[in-house]
Amino acid sequence: MDPDDISSNPSANRPFHEVVAARLSRRSVLRGGAAAVAGFVGAGVLGGTASADGAGGGERKLLGFPPVPATDEDALAVPDGYTAQVLIPWGTPLLSDGPEWRKDASNSAADAERQVGSHHDGMHYFPLGKGKDGSRRGVLVLNHEYMDRTLSYPDGDEEMTREKADKGAAMHGVSIVQVEKGRKGWRRVDSELNRRITATTPMTVSGPVGPDHPEMQADDPQIRGTINNCSHGVTPWGTYLACEENWNFYFGTTDASWRPTPAQERYGVVADSDYRWFEVDPRWDAAVNPKEMNRFGWVVEIDPFRPDSTPVKRSRLGRIKHEGCVTTEARGRIVAYTGDDQDGDYIYKFVGAEPWRKTRARGESPLDHGVLYVARFDDDGTGRWLPLEFGEGPLTEENGWKDQADVLLRTREAADAAGATPLDRPEWIAVQPGRQDVYASLTNGSGWDNAVTPRKPNPYGHIIKWTEEGGDNTATSFAWDIFLLAGDPAHDDRVELDEEDLFGSPDGLWFDADGRLWIQTDVSNSSQNDPEKGYDRIGNNAMLACDPSTGELRRFLTGPRGAEITGVVTTPDRRTMFVNVQHPGEDTPFWGENSPEDPRAVSNWPDFDPEGRPRSATVVITKDDGGVIGT
């Protein structure tokens, strides 16, 4: 068949429910400690599995910890034999002489610029030194996705002021913090590397959409700031990639005559946005300063070891709601995968034009030269990467496209035109060490008429896996399958999970160097522990560990009430793990709502101060015997 002709797909004329049933009947999703493999072409393409007794290749047992039970307690729970320590919660001063956290949330905007931000998300540990020293001393770089407008001010946000807007902007962005292990555990240390990158930090943009592009000419001549940073990436040359996700929430207007352009509408820009900064700061007013929003939706490259360096927004990676940007190498070239976290949106891949070392030797960025693709998943288990290149396919001048910069500014519309496959909120992506197989979490959604969606609606979400043709991550075709169907068999009999591994809404995915796949969940606060939503047995959000070679899956951690578990990384020796707990205490129907008079209605983690409030935080996890995390 013609691989570029969707109508030639033999599954195209089959009823949707038959296509999905056929896919699920060809394989079993994970159950307890067993997994089956057969993809549409058999185990040979998707990689197969190895059983725990060594059949199929034989390898050591990766998971050795006792599973943590599901719970609705306001606590952070780890397995017996492990210890968790809160390291840097929201409001921690970057330096010892910085402003201390005020438990009534009365810190000013100026204070927030010098403190760890809020709503911790994606994170990476950069070692300082080699060998053992690098596992005891390093730099944590972490994103701050958003902030709770009730908990962030003493009087909530019923009345918006410029000071409140400025403080909110300062709580966003990225924190860079040096940490080290001492006799009493891990601690933040004073360092010239410690700094904040916020929604007002000077930045630049590179690639086809440069700082001089007409669509980047907002009221402020200086491009500033990064917002709603969700997950992240790390380059082979040692820089950090912060990813701007739901940037549309920050723009709105009180102008009753304003209407969004088609491009703005495709990105979800509305007049009555979630944040109300536009009421007091024209920078965020969609009617007054419409081109300011074109400066967001990018991947931002940050050098953690150069405090004087300017962060760069890399336009070649496209403008979407970037959940993350995981990188790998193939044939010496940089390959970057990213999900666009919205129901019905897509998965993208960037492939560098040449070996990245050659590009850097010329003093150029490998992220500025290459091709951005979007994924099409076909019902027969194959797929193709469709190039988003001006002049190719539908992206021509005759079809209303001006040039490559226009394609990247309107990445979603370009992907629509190319024929990408809509998915149930594509979020984190992880590349398996050694094998180079790629996994993506599809958190939940309304369900779509393609075989990638196993149910309509899809309240629990699932994880998919694909293998690029020939094991080459630069390839333009791949084989895919459903790796793991999340949920509760009490509510969906196709789910094959047990009490020790029940979960819903997979979000964070990360492989450690041994090949454990760490799965973090983001059950919506509107659904947490709600029996009517089918989440009554799943409990609080959690993190699980999976051995993809055997299918073994265990719950490793559960979080406090209202929190999301997101962001995970270990030291090089894998004996220390850093995990982020985001938005504990956020309003839920199950536990109630916060107010300025009672900010602890849902949770009081981690301080448990009767006069305080819940705080997002980075947590350090170690094994009591000093061993490798997960064993």
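## Notebook: salt bridges, covered elements and odd backbone spots

I began with Lys164, which forms a salt bridge with Asp155, the closest N and O atoms being 3.0 Å apart. The model is predicted, and I read every value below as computed from it.

**Entry 1. The Lys164 pair.** I asked whether each partner is buried or exposed. Lys164 counts as buried because its relative accessibility is 9%, and the cut-off for buried is under 20%. Asp155 comes out as partly exposed, at 45% relative accessibility.

**Entry 2. The helix that holds Lys164.** I then looked up α5, residues 162-171. How many of its residues are buried? The count is 7 of 10, so I noted the helix as mostly covered. Lys164 is on the buried list, along with Ala165, Lys167, Gly168, Ala169, Ala170 and Met171. Next I checked what covers them. The cover includes α3 (109-112) and the strands β3 (137-144), β4 (173-182) and β6 (195-197). After the helix comes Gly173, with a positive phi near 105 degrees.

**Entry 3. More salt bridges.** How many salt bridges does the structure hold? I found 47. I picked out two further pairs. Arg188 meets Asp190, with the closest N and O atoms 2.8 Å apart. Arg188 is buried at a relative accessible area of 17%, whereas Asp190 is partly exposed at 44%. Asp406 and Arg410 also join through their side chains, at 2.8 Å from N to O. Asp406 is buried, with 10% relative accessibility. I also noted a network: Arg266, Asp340, Asp345, Arg412 and Asp416 are linked by salt bridges that share partners.

**Entry 4. Helix α9.** Arg412 took me to α9, residues 411-418. Which of its residues are buried? They are Thr411, Arg412, Glu413, Ala414 and Ala415. I looked for what these buried residues pack against, and found α6 (262-266), β14 (347-352), β15 (370-377) and α8 (404-409). Gly419 follows α9 and has a positive phi, near 100 degrees.

**Entry 5. Strand β26.** I moved on to β26, residues 576-582. Here 7 of 7 residues are buried. I sorted them by face. Thr576, Phe578, Asn580 and Gln582 lie on one side, and Met577, Val579 and Val581 lie on the other. Both faces are covered. The general pattern fits: in a regular strand the side chains alternate between the two faces of the sheet.

I then checked the neighbours of β26. Strand β25 (residues 564-570) runs antiparallel to β26 and is joined to it by 6 bridges. Thr570 has Met577 as its bridge partner. The two strands form a hairpin with 5 residues between them. In that turn, Arg574 has a positive phi of about 65 degrees. Strand β27 (residues 617-623) also pairs with β26 in the antiparallel sense, over 6 bridges. Val581 stands opposite Ala617 in β27.

**Entry 6. Cis peptide bonds.** I looked up two. Trp605 to Pro606 is cis, with omega near 5 degrees. Pro606 is in the loop between β26 and β27. Lys456 and Pro457 are also joined by a cis bond, with omega about -10 degrees. Pro457 sits in the loop between β18 (438-442) and β19 (462-468).

**Entry 7. Positive phi outside glycine.** Where does His119 lie? I placed it in the loop between α3 and β2 (120-127). His119 has a positive phi near 55 degrees and is buried, at a relative accessible area of 4%. Asn529 is another residue that is not a glycine yet has a positive phi, about 65 degrees. Its loop runs between β22 (517-521) and β23 (542-547). Asn529 counts as buried at 6% relative accessibility.

**Entry 8. A cavity lined in part by His119.** I counted 4 cavities of 30 Å³ or more. The second largest has a volume of about 70 Å³. Which residues line it? His119 is one of them. The lining also includes Trp90, Ser118, Asp148, Leu151 and Ser152, together with His583, Pro584, Glu586, Pro614, Arg615 and Ser616. By type, I noted 4 nonpolar, 5 polar and 3 charged residues in this lining.

Notes: Residues numbered from 1 in each chain as written. Predicted model: local features only at pLDDT ≥ 70, side-chain atom pairs only at ≥ 80, totals over all residues. Heavy atoms only, no water. Buried < 20%, exposed > 50% of the residue type's maximum accessible area, 1.4 Å probe, protein only. Helix = DSSP H or I, 4+ residues; strand = E, 2+ residues; numbered from the N terminus. Contact = heavy atoms within 4.5 Å. 1 Å grid on protein atoms, 1.4 Å probe; cavity = no way out; pocket = protein on both sides within 12 Å on 5 of 7 lines; lining within 4 Å. Points joined across faces, edges and corners; volume = space filled by probe spheres on them. Nonpolar A, V, L, I, M, F, W, Y, C, P; charged D, E, K, R; others polar. Salt bridge = Lys/Arg side-chain N within 4 Å of Asp/Glu carboxyl O. Pairing = 2+ DSSP bridges.
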